[in-house]
Amino acid sequence: MALRSMRKARECWNFIRALHQGPDAAPVPQKDAVKRIFSGIQPTGIPHLGNYLGAIESWDPTILRQSILDMTAALLACGINPEKSILFQQSQVSEHTQLSWILTCMVRLPRLQHLHQWKAKTAKEKHNGTVGLLTYPVLQAADILLYKSTHVPVGEDQVQHMELVQDLAQSFNKKYGEFFPVPKSILTSMKKVKSLRDPSAKMSKSDPDKLATVRITDSPEEIVQKFRKAMTDFTSEVTYEPASRGGVSNLVAIHAAVAGLPVEEVVRRSAGMDTARYKLVVADAVIEKFAPIKSEIEKLKMNKDHLEKVLQVGSARAKELAYPVCQEVKKLVGFL
């Protein structure tokens, strides 16, 4: 499951998506010159700090259904407005998988096998990766292209997948005529939030170390504990040197992002402070940032009917956009 966001101008099958109006997107070769931003997130657990700043262990049906609603509540609490965006569950719009199959027939197996996420995950799973995992980047491409998206917010780890999306769009256009815009990546200033316990890895909901990931719904006590245990080095000074001081630099980057300040200003304000004290300062900043979001999530989760209605309306609106595009693709390739 995952949540998607699409704006007109920000790992598996069921998604919730959204469409937003974006004023600054660049022109693309489209008849109606619509500028559209597409984004997504998996509803496989509570969103963490990296999800908030950047952009499935169990497939139990009951848990999965609840996860969809929980993630919907989290996105609404974080500011996604269903009046301006289309927030929807991807599995309710069958055109996603239809387009995915067509695009899968256009990509070579070695291309998918060489994607670094596939290699990393199969290495961890001792080469037990599924075909669904292998072809997931093609489904991502279908998600994006189905709405003729022009821009996609991505983290550093998704740039390679976006290159696949762009290549598929260009290959389709070359073979069947100009049809899909070639979407551009939007990299935020906070490109990747690192694990608090291993600054060489990104923060992940599936990390087995409970202290590595800060979740939006963590209590203040839990957040303080996680930052206290964050990995740093033996130098007490607060500096921003990602190449040589990954742990402290990750804290500085997080602090700058949640406080809305430049990294240089955060470092200046932390002059004379040791890292032990600085960890608590960062924890307080994160607690303050998440407090209203956490409160709103709890309120929204109390109204299951409202969450389901948002998804139902969103899926219907998404279907209106997806169906004609998919039909046109079928005509171009000869299915209709």
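Leu280 is partly exposed, because its relative accessible area of 21% falls between the cut-offs for buried (under 20%) and exposed (over 50%), worked out with a 1.4 Å probe on protein chains only. Leu280 sits in helix α11; helices here are DSSP runs of H or I with at least four residues, strands are runs of E with at least two, and both are numbered from the N terminus. Setting aside neighbours within four places in sequence, Leu280 is in contact with Val224 and Arg228, where contact means heavy atoms within 4.5 Å. Leu280 and Lys226 are 54 residues apart along the chain, and their C-alpha atoms are separated by 9.9 Å.

A word on the model itself: it is predicted, so local features need pLDDT of at least 70 and side-chain atom pairs count only at pLDDT 80 or more, while totals for chains, interfaces and linings use all residues. Residues are numbered from 1 along each chain as its sequence is written, and side-chain values use heavy atoms, with hydrogens and water left out.

Ala291 is another residue of helix α11. With 44% relative accessibility, Ala291 counts as partly exposed. Its C-alpha atom is 8.6 Å from that of Thr217, and the two residues are 74 places apart in sequence.

Helix α11 (residues 275–301) also pairs up with helix α2 (residues 61–77): their axes come within 8 Å and cross at roughly 135 degrees. That angle makes α2 oblique to α11, since angles under 35 degrees count as roughly parallel, over 145 as roughly antiparallel, 65 to 115 as roughly perpendicular, and the rest as oblique. The axes are lines fitted to C-alpha atoms, for helices over the stretch in contact, and the angles run from 0 to 180 degrees between N-to-C directions. The crossing of α2 and α11 is right-handed, meaning that the near helix is turned clockwise from the far one by less than a right angle (anticlockwise would be left-handed). On the α2 side, Asp70, Ala73, Ala74, Leu76 and Ala77 do the touching, and they meet Ile293, Glu296, Ile297, Leu300 and Lys301 of α11. These residues split into seven nonpolar, no polar and three charged; Ala, Val, Leu, Ile, Met, Phe, Trp, Tyr, Cys and Pro count as nonpolar, Asp, Glu, Lys and Arg as charged, and the others, Gly among them, as polar.

His306, in helix α12, touches Leu76 and Leu300, not counting residues up to four places away in sequence. His306 is partly exposed, at 36% relative accessibility. From His306 to Ala73 the C-alpha distance is 9.6 Å, with their positions 233 residues apart in sequence.

Then there is the largest nonpolar core, where Leu196, Phe227, Tyr278 and Val286 touch the most other members out of 41 residues. Such a core is a set of buried Ala, Val, Leu, Ile, Met, Phe, Trp, Tyr and Cys residues joined through side-chain atoms within 4.5 Å. Two or more residues each come from α2, α8 (220–228), α9 (246–259), α11 and α12 (304–333). Helix α11 gives the largest share, eleven residues. In soluble globular proteins, nonpolar side chains tend to be buried together.

A second helix pair is α3 (residues 95–104) with α6 (residues 131–145), packed at about 120 degrees with axes 8 Å apart. At that angle, α3 is oblique to α6, and the crossing is right-handed. His96, Leu99, Ser100, Leu103 and Thr104 of α3 make this contact with Val138, Leu139, Ala141, Ala142, Asp143 and Leu145 of α6. By class, that gives seven nonpolar, three polar and one charged.

Lys148 lies in the loop between α6 and β6 (151–154). Its phi is near 50 degrees, a positive value in a residue other than glycine. With a relative accessible area of 19%, Lys148 is buried.
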